[in-house]
Amino acid sequence: MAEERRQKQCSVILPTESMKAMAESVGVGQLQEESCVAISEEVSYRIKEIAQDALKFMHHGKRRKLTTSDIDNALKLKNVEPLYGFQSQEFIPFRFASGGGRELHFYEEREVDLSDIINTPLPRVPLDVSLKAHWLSIEGVQPAIPENPPPAPKEQQKAESTEPLKVAKPGQEEEAAIQGKSQGATAADGKGKEKGLIRLKPRSTHELSVEQQLYYKEITEACVGSCEAKRAEALQSIATDPGLYQMLPRFSTFISEGVRVNVVQNNLALLIYLMRMVKALMDNPTLYLEKYLHELIPAVVTCIVSKQLCLRPDVDNHWALRDFAARLMAQSCKTFSTTTNNIQSRITKTFTKSWLDDKTQWTTRYGCIAGLAELGPDVIKTLILPRLTVEGARIKAVMEGPVVSNIDKIGADHVQSLLLKHCASVIAKIRPQPDNVEQYRTDYGYLGPMLCSHVMKARTQAALQAQQVNRTTLTITQPRPTLSVSQSGLSGSTGPRTPSIIKVPSSLTLMSPRPGTPSQPSPPATKYIVMATSAGTATTQQVITLSSSQSASPVTSTVPSATSTLQPLVKLESGSGPGLTGSRPLQKYIVVSLPSSASSSLEPKSSVIPTSISSTSLEAGMKMERSESPGASTQSPH
Amino acid sequence: MAAVQGGLVDADEDKDIKTEASNDSWGNNNANDGRLLSPSPGSSASAGSNKSAAGASEEQQTLLAVLQFLRKNKLTESVEILRREAGLPEDSLEPKGAESSGAGSGGASGGVDLEGGDASSLLSRVTASSTAGAQAPTKVAAGEDQPDVNVVLSAYSQQGDPALYEVYYSGLKRFIESVLDCHRAELSQVFYPLFVHMYLELVYNNHESEAKAFFEKFSGDQECYYEDDLRVLSSLTKKEHMRGNETLLDFRTSKFVLRISRDSYQLLKRHLQERQNNQIWNIIQEHLYIDIFDGMPRSKSQIDAMSGSLAGEAKREANKAKVYYGLLKEPEIELPLDDEDEEAENEEGKPKKKKPKKDSLGSKSKKQDPNAPSQNRIPLPELKDSDKLDKIMYMKEATKRIRLGPDNLPSICFYSFLNAYQGLTAVDFTDDSSLIAGGFADSTVRVWSVTPKKLRKVKSAADLNLIDKESDDVLERIMDEKTASESKILCGHSGPVYGISFSPDRNYLLSSSEDGTVRLWSLQTFTCLVGYKGHNYPVWDTQFSPHGYYFVSGGHDRVARLWATDHYQPLRMFSGHLADVTCTRFHPNSNYVATGSSDRTIRLWDVLNGNCVRIFTGHKGPIHALAFSPNGKFLASGATDGRVLLWDIGHGLMVGELKGHTDTIYSLRFSRDGEILASGSMDNTVRLWDATKAFDDLETDDFTAATGHIHLQDNSQELLLGTYMTKSTPVIHLHFTRRNLLLAAGAYNP
């Protein structure tokens, strides 16, 4: 410490060159070296003196930053004319120039054309000083309002979760004790006082105020509800609100429970919503999720590798969900993986293990590969590339062998495109230039030729642009646009199966399949949920045709596919068809269009056209009950 | 710059000189100065006028004679002003380097002068400008006219071998390190003052490189709380710098006070005498004041708690005077209003519950506190009717006051100033918390109403004539509805406003500013009533007395002044601080004023006679916040070092230390009943401390008071009741409402 201080105090003196330069600038040439030394010593001393006085003004101005006005005031104290013209509140950029053996730091004064100043429109008048009051503390407890800092700063959350022992040490013990005390004052918590004897880690209470409960309810409902606008708002709130710390455990349970239930029910849309919630939580700069990973990671992994995520694996685009979840997984690995919890290696092990298993289904296989691929090029290089030949052979068996099932074929197809997509860029980087198809075939087997063309494409693209695979994090990339329409159909062919996943009686009745007598004054409207994505690059308009079973008159709507990454939400409400009796209530079609990424290269088959779906083949009104009965938060963990 | 000094010019000699004198140059004069001691009656006017008619130079003569006279009478300020106005350069009067070389050249005046003449002629610009006749008075004058600074500094002129300084110092260091542990801590106190004085001696005697080496070798050993002073010291490397450096001047003029037990002192004395170490012994004799006490030597922590100020600890005698810290008797107020109130209460079916309470209150105040000053020790203003009404309001509110305590913390309402662009410099609330005022760096003062009642001006004189003066609501009628607004701006200062204070009756507002004035504003008309000029330098703080009428101000000129609103000149000047007076507070009984300073001491002044009755040392940085406990017994102080210190006024002792803040504390306030101390700081937190516990069972017997053997418990963490962080708002003011709600204020600093 003494060393340090001595360093600081060694007297710094302005260089004599500066003196010379300054003398020249006022017309004194040929200053003697001795005079320079004498002057610079004197000037240095005076400058220090003035700086010390200026500090006084800073202290009394209740600031931490020394300003030019402080210097002016200090000069005034010494009866010296202040320096005029330095009004800047901000950092003054000094410029550096050297030349003629001299180095100069100077403040650039630009020439300003007066007419420019006169002609530019007046800047906005700065806001006037105003006074605003808020509660910093109410009877010793700081309320969690936006005016106050978040109750537990991220660093503290991090410290608590990564180094739990440290929290109990004296430094923070005081705070804990205070918290115990203040909570003791409100909640009459007796435990806080016994702490003198046994050093316990304070129980962190997660009691929610009424407002927070309301907020929680609103947010969760909006997140899994049907209104996309509301959902966007809710997710925005989760991603930015600083006061969610208290609610975090609840959100975490909500998500994990929600995934558990909806995987069983194969409710793709809800799974997507829940994953988006995870994403939003991770994006929140004030939250540190480490403590809740034990709930979140299984949920996310489920969404990656589950055998079946949707009711109609051949049509529904569960691939997008797998991709999205894989990306989430990669992100959490990046953020939270430490040497103690080993998240990344554990996750990698899980993925590889199930990938290596021959009996693994194509869906899971896809998930594993996606999960691994998102972990970065290194993982691809060490884990995926060596297995390309084996995987190629397997794909070949499905593609070219006897037709086993359509689903397998689709799966293999997806796996193939996934492998091509991820491997191509990595291979392009590690393989030397001449791309020989034959060479590729020998190296990678069945996938070789296709890889070769992809690699070449990647190379040209890299040459063209600086290869910005810029994925907008909030969007879900889908290899192909698919339409999935779920409808609680009329036909008896669906059988007695209740489409509802949700255990709310009211919604059950709402959504139970109806015998299709038009004359019956059945109150519930039939609902269609259309999950659609449009290829960002497609210039054609997608036509979604929905044929409702009752009326048998198709409701056609045109979804303009914009090139923007975020598709607008489209809501269709069709009136009753011509065949309907007047007693039928309006039918509501809700089309949720999932945004797709703009990168066309990822979607080789973007020409797949929206399918027109006959309602008879569909069943299971998905999560529509939510929109009907928002009060029933079916998956709420409490 | 043309030289202005023509050597000695007499009317008779004018002719001799004028041929060449006009070309005088700086260098020549310096050459002359060294020997000639030029502040002579003859040192003359500007170069041009040398040639001019005798009349002009006669004028100069008289001017200089006046200057001489002023000098002799030590009216240095007047000299300065006159000199400036006459356009004479500084050097024309100052005996530059006279003292230093005095030893050599002082003796033979004639010879020296001849020499001087030779030198000048060699330089071929100036004729030997003096005659024997002129010289004699010159000498005398020079002898008498040493300006203050040089008197002070000349004490350093004793010469020792510069090379030996290091040896002496390290010898002493070795000795002190080898003594018994119990003495070591005490004797170590000697290091810092010795180090500074030895360094200054070296610098003064022009041993620049030795001084530097000395500094580098030993500055690291000094206590870390002297760092700021060492930084000042390190920049000072030339004798010329010493002149005009206030810090140094202070260090020299005031003896550094050390408190050492008799045993330790004997030890030191014996050592120095054995070693014949006169150099050090001289410094100790001349520049240090060693306060010897009988008893146990103090421990390191006890010493550290008390040291840190610019001039050592306070002498024990300094804190011996009796301080009447008790509260004044509350005037008894007969309340017709209160009767109504009681009637109303009776109607509500609460029969006379209030009455006994009132009586007890009354009887309490009737008992004369032995520590209270007599009621008329300081003449206080008579209570007006409106004041009585306010007192009634106060009492009513007081009955609704929340009893605070560790289990019952106050709510805090935070007033953020938005869009202040770092310009908020001071805040004050009225006692009834109805108004808030902010002082800004842009020289304005703004007043807000925090109640729905808007701020209105009184009507103009012409309009006032029109109203019916007999009507009951005349006080309402005089107000101009058209001017109603939530805030008003007061413009008048010409520099940042650093201090602000409402009068207790809410009719006036005081503001102190960088421009050196304190202004009194009317809150009826929202105009400036008086500008009190007296401080020539920035005024850092001002505060109204709790009884109104008086106010105190303190500023960069190191003086605190007591004023009465109806006098344009100060009633008392409290001088003694060695650096800026940074904050000022009135004792609740208005008989005392506490001031905090950049010299890291707190002083308590008696308003009656202007004496300094207490000096509290222990802070390690400039003090920026002071607060008296409501019972008047204790004082809390906060400084840039982030610590709050608690003082027992009666015994003159430090009784507590509250650690926790990490930046300057700008605001301290006791709750209305004194149970809670709130502190607000630059580190964006408000902290609450258990004041009751802090003042419980203190060891304040006379022995500790006499020797300074204080035992501070390190119990800050137990006393800390709460920490409340703002988002990004330094807390610069705190205020407890009459019902014990805590109000805080600061400027949001995005």
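Contact here means heavy atoms within 4.5 Å. Keep that in mind, as it comes up below. What you're looking at is a predicted model, where local features need pLDDT of at least 70, side-chain atom pairs count only at pLDDT 80 or more, and totals for chains, interfaces and linings use all residues. Residues are numbered from 1 along each chain as its sequence is written, chains are lettered from A and ligands numbered from 1 in the order in which they are written, and side-chain values use heavy atoms, with hydrogens and water left out.

Let's start with chain A. It has 23 helices and 10 strands; these are DSSP runs numbered from the N terminus, with helices being H or I of at least four residues and strands being E of at least two. Of its 638 residues, 45% are buried, where buried means under 20% relative accessible area, exposed over 50%, and partly exposed in between, with a 1.4 Å probe and protein chains only. Among contacts in chain A with a separation of 6 or more, 67% come from residues 24 or more positions apart.

Now zoom in on A:Leu385, which sits in the loop between α17 and α18 (388-400) of chain A. Is A:Leu385 buried or exposed? Its relative accessibility is 9%, so A:Leu385 counts as buried. Leaving aside residues up to four places away in sequence, A:Leu385 touches A:Ile380, A:Cys423, A:Val426, A:Ile427 and A:Ile430. From A:Leu385 to A:Ala424 the C-alpha to C-alpha distance is 10.0 Å, with their positions 39 residues apart in sequence.

Next come two helices of chain A, α16 (residues 362-374) and α17 (residues 377-384), whose axes come within 6 Å and cross at roughly 130°. Axes are lines fitted to C-alpha atoms, for helices over the stretch in contact, and angles run from 0 to 180 degrees between N-to-C directions. α16(A) and α17(A) are therefore oblique to each other; angles under 35 degrees count as roughly parallel, over 145 as roughly antiparallel, 65 to 115 as roughly perpendicular and the rest as oblique. On the α16(A) side, A:Ile369, A:Leu372 and A:Ala373 meet A:Val379, A:Ile380, A:Leu383 and A:Ile384 of α17(A). The residues of this contact split into seven nonpolar, no polar and no charged.

Over in chain B, there's an open sheet of four strands in the order β4-β5-β6-β9, paired antiparallel. The edges belong to β4 (424-429) and β9 (487-490), each with a single partner strand, so one side of each has no neighbour in the sheet. On average, neighbouring strands here are turned by 20° against each other, direction ignored.

Another stretch of chain B centres on β23 (residues 634-639), where six of six residues are buried. B:Phe634, B:Ala636 and B:Gly638 point one way from β23(B), while B:Leu635, B:Ser637 and B:Ala639 point the other way. Here are some antiparallel pairings in chain B; two strands pair if DSSP finds at least two bridges between them.

| Strands | Bridges | Bridge partners |
|---|---|---|
| β4(B) and β5(B) (residues 435-440) | five | B:Phe429 and B:Ile436 |
| β22(B) (residues 623-628) and β23(B) | five | B:Leu626 and B:Ser637 |
| β23(B) and β24(B) (residues 644-648) | five | B:Ala636 and B:Leu646 |

Two hairpins show up here as well. The one of β22(B) and β23(B) has five residues between the strands, and B:Gly632 takes a positive phi near 80°. The hairpin of β23(B) and β24(B) has four residues between the strands, with B:Gly642 at a positive phi near 80°.

How values were computed. Ala, Val, Leu, Ile, Met, Phe, Trp, Tyr, Cys and Pro count as nonpolar, Asp, Glu, Lys and Arg as charged, and the others, Gly among them, as polar.
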